[in-house]
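Work through the exercises below with the sequence and the structure at hand, and try each task before reading its solution.

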Amino acid sequence: MRWMALAGGLTLALDQITKAGVVHLLDLKTRGQIDVLPPFLTFRMAWNRGVNFGLGASDHDVMRWVLIGVALIISALLIWWARRDGFGRAAQIFAGLLVGGAIGNVIDRVLYGAVADFLNMSCCGIVNPWSFNVADIGVFLGAVGLALFSGTGKSGQ
């Protein structure tokens, strides 16, 4: 399970470091937007009170705690599943990405009441209206990787 712990820890650390750097040190929370490599990469501040793309967003504090609980339960179940099935290295890494990302967003909800999203990427005349963060990348890659590698067991190392 060390690969899962390593991937999860690195994902969580990278998520929190980038959020602290961009949101607080570069003061994106006040500035709102910073063009990095427009239009390919822009830092655009968004406080997400819902799930993906703000779905289910609510200003009610109950929803915040429900989302925190759901993320923690899913993370715990994923860790239990990985231990029970003896995930191989690849599946452990993807599980770690997902858990690290989920915990990164839980920390935001506890500290700020919402998830700090700031990465915005557009290309080829298509303007992306949504922002995301490193934790979201970890959750997405982890879910895709688990769909591909979770059935491999220890023999799939």
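**Exercise 1.** How many disulfides does the count come to? Find the cysteines involved and classify how far each is covered.

*Solution.* The model is a predicted one, and the count comes to one disulfide. To identify the pair, look at Cys123 and Cys124, whose sulfur atoms lie 2.4 Å apart; the cut-off for a disulfide is within 2.5 Å, so this pair qualifies. Next, take the accessibility of each partner: Cys123 has a relative accessible area of 33% and is therefore partly exposed, whereas Cys124, at 68% relative accessibility, counts as exposed, because exposed means over 50%.

**Exercise 2.** Determine which strand is joined to strand S3, and describe how far S3 is covered.

*Solution.* Begin with strand S3, which spans residues 115–120 and is mostly covered, since six of its six residues are buried. Then turn to strand S2, residues 41–48, which is joined to S3 by five bridges, the two strands running antiparallel. Within this pairing, Thr42 stands opposite Asn120 of S3.

**Exercise 3.** Locate Asn105, decide whether this residue is buried or exposed, and list its contacts beyond four places in sequence.

*Solution.* Asn105 is placed in helix H4, which covers residues 89–112. Its relative accessibility is 12%, and buried means under 20%, so Asn105 counts as buried. Setting aside neighbours within four places in sequence, Asn105 is in contact with Asp15, Lys19, Val115, Asn133, Ala135 and Asp136.

Technical notes
Residues are numbered from 1 along each chain as its sequence is written. This is a predicted model: local features need pLDDT of at least 70, side-chain atom pairs count only at pLDDT 80 or more; totals for chains, interfaces and linings use all residues. Side-chain values use heavy atoms; hydrogens and water are left out. Buried means under 20% relative accessible area, exposed over 50%, partly exposed in between (1.4 Å probe, protein chains only). Helices (H or I, at least four residues) and strands (E, at least two) are DSSP runs, numbered from the N terminus. Two strands pair if DSSP finds at least two bridges between them. Contact means heavy atoms within 4.5 Å.
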